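Hi there,

Here is the structure I promised to pass on. Have a look at it first, and then read on for my notes on its charged pairs and its surface.

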Amino acid sequence: MFWRKRAAPAYRQTTCRRDDTGGMLRALQYGAPPHGGIAPGIDRIVMLLCGEENLREVVLFPMNQRAEDLMMGAPSEVTPKQLRELHIRLALPEKSG
């Protein structure tokens, strides 16, 4: 009881409002990232050590400007078989005309 009376004012001052960090709090509702939020950024460190200005020069599987992976052919169309495997039903708008 004593601790609550002493710590409550200080705690209220240090807590963030939900609208300040709402996006981060919503993301953390699904769990912490595997790296605990402290990602090392090794690819960026290698970029700096190599003296490259573009991260794509040191990434193993770089994507083009349209975020396509040309080696994997991704993203690609989803087949009906893949949708059935995952029990996904599409509700596409009917084509008029």
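Please keep in mind that this is a predicted model. I began with the charged side chains.

The count of salt bridges comes to two. As background, side chains of opposite charge can pair when their charged atoms come close.

One salt bridge joins Asp43 and Arg44, with 3.2 Å between the closest N and O atoms. Asp43 has a relative accessibility of 31% and is therefore partly exposed. Arg44 is partly exposed as well, its relative accessible area being 47%.

The other pair is Arg66 with Glu68, whose side chains form a salt bridge at 2.8 Å from N to O. Are these two partners buried or exposed? Arg66 has a relative accessible area of 65%, so this residue counts as exposed, the cut-off being over 50%. Glu68, at 23% relative accessibility, is partly exposed.

Now to the nonpolar side of things. Leu60, Phe61, Met71 and Met72 together make a nonpolar surface patch of about 540 Å². If you would like a residue to find it by, try Met72, one of the four that make the patch. Met72 sits in the loop between helix 3 (42-50) and helix 4 (80-85). With a relative accessibility of 66%, Met72 is exposed.

Happy to go through any of this with you at the screen.

Best wishes

Definitions and conventions:
Residues are numbered from 1 along each chain as its sequence is written. This is a predicted model: local features need pLDDT of at least 70, side-chain atom pairs count only at pLDDT 80 or more; totals for chains, interfaces and linings use all residues. Side-chain values use heavy atoms; hydrogens and water are left out. Buried means under 20% relative accessible area, exposed over 50%, partly exposed in between (1.4 Å probe, protein chains only). Patches are made of residues with over 30% relative accessible area and no salt bridge: like charges are joined within 9 Å, nonpolar side chains (Val, Leu, Ile, Met, Phe, Trp, Tyr) within 5 Å. Accessible areas come from the Shrake-Rupley method with a 1.4 Å probe; for residues, only the protein chains shown count as cover. Helices (H or I, at least four residues) and strands (E, at least two) are DSSP runs, numbered from the N terminus.
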